[in-house]
Amino acid sequence: MSVLLTASLSATLPLSAASHVDVVKMRTENQVNPLGIGTSTPRFSWQITSDRKGVVQTSYQILVASSREKLDRNEADLWDSGERNSDEQLWIPYQGKALLSGAQAYWKVRITTNKGKSEWTEPQLFSIGLLGETKWSGTWIGLEDLQPGEQKGMHTRLAARYIRKDFAAKGKVKRAVAYVAGLGVYEFYVNGQRMGGSQALQPVPTDYRKTIYYNTFDVTSLLTEKNAIAIKLGNGRMFPMRLEKAYKTPFFGYPKCRINVKVEYENGKTETWATNNTWKLSFDGPIRSNNEYDGEEYDARREQALKGWTQAGFDDSQWQKAERCVIPDGTLMAQPMTGMVEKEFGHPVSLKHRHDTLIVDFGQNMAGWIGFQVRGKQGDTIRVKYAEKLQADGSLYLDNFRNALSEDIYVCNGKENGKSWRPVFSYHGFRYAAITGMKNARKEDFTAYTVSDEMATIGHIETSDTILNKVLKNAWWGIYGNYKGMPVDCPQRNERQPWLGDRTVGSLGESFVFDNERLYSKWMHDICDAQRSDGNIPDVAPAFWNYYTDDVTWPAALPFTCDMLYHQFGNKQPIIDSYPSIRKWINHILAEYTDKNGIITKDKYGDWCVPPEKLELIHSQDPKRKTDGKLIATAYMIRCLQLAEQFANLQGLKEEAKAWADRRSGMIDAFNRQFLTNKAGTSRRPGHVLYPDSIYYGNNTSTANLLALSFGIAPQELRSELIKQVVKDICIDAKEHVNCGVIGISWLLRGLSDNGFPDVAYLLAIQRTYPSWGYMAENGATTIWELWNGDKADPKMNSGNHVMLLGDLLTWCYQYLGGIQQKGVNVQQVAEADASVAYKHIVLKPAFSIQNCESVKADYETPYGVVKSQWKKTLQHVDWDITVPCNTTADVYLPDGKVEMVGSGDYHYSVEIPTRDAAILKDEFLYDYSGFPSAHASTITQLKNGDLVAAYFGGTFERNPDVCIWVSRKPKGAKAWEKPILLPMVFIAWVLLRLRRRVFRASMRRQLRLIRDLSRTDCAVSVCQPATNMISALSQPISSCLPI
């Protein structure tokens, strides 16, 4: 092997000329300049950039001051950390003077590295929220009854509440901050200005019986002598979308709000403008109904009566007094994340007329709403009905929405003249919409907006396979569309619930794409809130549905995601906060559902959504495809016990850690006694990957064997036979397709790769036929379906925008194709004693052995900075560019097995890949693309003039009627093979005779094995031309083949 390694800077460059260190992307509680944070001990983080290699932070100094002016003078009246000798740069806790409710502070940092010292950073702002009930003034206000035209029941209806009051300032305002709690969702106004910018559907949803989030706004610049404070309240989840089943859906109450505007004057005086029963309220505004499932109804004829209602001086004498409301049970807390924002997507790609209806297609399944330019006479009604797909006749397909009406209704006042309108309190999942009442509209009159949580995209990956790239794009849209202040299952039908099982493992893959730390840290709090007093954790959290089934795999999302937050982002606080709930839940399950054999007996969902044997089915009815629920539950409990041990050790709870470890060890023994079949020496072809011994778990499903492999349950000496069972099941029984449901698919690709079969994992990742991710993309999906057969299954459970079946695909793409991993953390995120956290020590180890993956471009922004891994290869050479962030190190795994440890910087490797056998002179692909999906039984010969000619069967699969003989030629001295040529039928019999006599009779196993490896399965275009010049090639003696 030869290696050419180059770096971005010459090592001989003088330090003074090359050294430059900057501190960037400063964060407080992982947010930029956050207002109203919910802690008096915030944590600080930053990233480092430099034009030098091998940069290591050696010390830092943080200054925190009560004003920008003081900080500019380096007067740290709140905290001066001093210069601390440390390489820490993430989640550094504040250790200064006590920060009180409402306090505002500024901070900056300067670091020293082995390559030089940074300048002081630009100041960053943060403020403290109202820390506790005693810091709040005023009361909750709203209405506590249904008003005319409103209803509970199957389709709840409630008009928006409009609430306001005028206030007079008592002097020149120095600072004014508004703390707003509006349930269920709200829009907040100060002197006519809507606050929050592009924020939408605030606050993020919670179980209002436990936690209520408020938002903080700096309104200093908006206040004048006379001021109006106003709020518009929508239902959100407070007044639920469905109330026909009281036992299923909790009723939290009616919309209500509590507002405190804290005003500081230049003369040193302060006052609080707070909600009470002197505020005025109207329910007679334009928003007549708002329901997350059914849509928003807006009557513009009612706008005139409310004209100017958000501004000072509005005549509200005809409004009623707001009622003092029932006090919610939940604790008021600062919202720990930005929440949802509205972003413009664009105009439709097509608009078609169908009778009196317009059908618009935006080309992308998304979650949000549609705005439109209003033109009409008074009383005209415009309806926008949403759908994910169309019927064959071009009308909307609505069956999979179940009873969600998903329709926005606008009644014109006749004065709009093209005014833009869109809903504010109800979002939809859609690609298409049917519009009535606007038959003369143009495409430009309609604009789609996405509504999802604001967070940065931190990962990008592109491969040489076009279908996989499409799947990865679809995954982005699916994940983004289902971030709604909590991770929900789908955004369109009458569900939209935060199912735990969808993210037990899925949250890890999502963390490679989105900076979702704030969302998932918040969700951990939701899950703990939802825990029942006996320890039971529900399947949905927040508990908007009362599904307390005592399952194991769904509630395992709590410890699994806490672990993800720690290893991916370095935030251990969710572990500390959630550990009591995790401990209580595990003890509850162990006490209630452990049988005399040590097996967990309770399971609800099994391996959910295994690909069914018939396309019209939702769930498989074949018992051979189903994995024993007791096996699944026990395996997951073994993993949870392992996490509990790690969490206890992290907190110094050594005795508890030992107790968890002992319990896990005993359960592993019980698992193997109960579920393991071990009949060694039974293979018909010992050693062959497709003929394993009778060694397997349960009824030998891939899921059963994968769980034992991935959770460290299987004895080491049996692992090779177990993975053979998985490969055989995939390649033979499933005919090279996915054969798992939600549980198995969570470990499938990593399990294969970690046990020696990354090529099989890649085969599944790029598969195009049912069941596969590629099948979805090839059949019109622009997100991820709920079912593998989502185009044909029963619409009762057939969402077009789900992410649970992504399994470990995203994680695998970044960790095994991109090769971006971290030291000491294996397939199931089990940490070794010296394991890396937040990618402090990176492992760069792409699966170069996947022959037909020719290139990958991957980058991922770790908490320390961006790591890049971009490579392109042939069978015997790879060019690889990597970037390692400052203050980290990386182990770089080269194709020959050598490992180089490098510091930060940019590196280029040009590496020769050794052949797999010394007898092989050269590995090459015969073609990149062709008109057939697979090839087999290939052979090669050399002409007298030195040209190489190969012949092989190409077609759908062996014995398929479309299989033909193809030939490829490489002229002597050429660098590449010519395009495949289809051999005409007149020569086939003759060729078969020659092949049988000249090639198949020869005992040249190594050569034939080599050529089989050269056949490609990825293809797009075939080229057919006369093959008369191939006759002599196929008649040459076998002795002129490549030497061995």
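Author: A disulfide is a pair of cysteine sulfur atoms within 2.5 Å, and in this predicted model the count by that rule comes to zero disulfides.

Reader: How do you know that C325 has no disulfide bond to C257, the cysteine with the closest sulfur?

Author: The sulfur of C325 lies 8.0 Å from that of C257, whereas a disulfide needs the two sulfur atoms within 2.5 Å, and therefore the pair is too far apart for a bond.

Reader: What makes C853 another cysteine that is in no disulfide?

Author: For C853 the nearest cysteine sulfur belongs to C813 and is 8.9 Å away, while the cut-off asks for a distance within 2.5 Å, so C853 is in no disulfide.

Reader: Why are C325 and C853 called buried?

Author: The word buried is kept for residues under 20% relative accessible area; C325 has 6% and is therefore buried, and C853 has 0%, so the word applies to C853 as well.

Reader: Why is Y893 called partly exposed?

Author: Partly exposed covers what lies between the buried limit of 20% and the exposed limit of 50%, and Y893, with a relative accessibility of 27%, therefore counts as partly exposed. Y893 belongs to strand 43, which runs over residues 889–893, and, leaving aside residues up to four places away in sequence, Y893 touches V843, L844, K845, F848, W880, K898 and V899. Y893 and A847 are 46 residues apart in sequence, yet 9.8 Å apart in space from C-alpha to C-alpha.

Reader: What is worth noting about the phi of K25 and of S406?

Author: Most residues other than glycine have a negative phi. K25 is not a glycine, yet has a positive phi of about 50 degrees, and S406, also not a glycine, has a positive phi of about 45 degrees. K25 is found in strand 2, residues 21–28, whereas S406 sits in the loop between strand 30 (396–397) and strand 31 (407–411).

Reader: Which of the words buried, partly exposed or exposed fits K25, and which fits S406?

Author: With a relative accessible area of 41%, which falls between 20% and 50%, K25 is partly exposed, but S406 has 0% and is therefore buried.

Reader: Where are the cis peptide bonds that you describe?

Author: Most peptide bonds are trans. The bond from L183 to G184, however, is cis, with omega near -5 degrees, and G184 is placed in the loop between strand 12 (173–183) and strand 13 (185–190). A cis bond also joins Y770 and P771, with omega about -10 degrees, and P771 lies in the loop between helix 14 (758–765) and helix 15 (773–778).

Definitions and conventions: Residues numbered from 1 in each chain as written. Predicted model: local features only at pLDDT ≥ 70, side-chain atom pairs only at ≥ 80, totals over all residues. Heavy atoms only, no water. Helix = DSSP H or I, 4+ residues; strand = E, 2+ residues; numbered from the N terminus. Buried < 20%, exposed > 50% of the residue type's maximum accessible area, 1.4 Å probe, protein only. Contact = heavy atoms within 4.5 Å.
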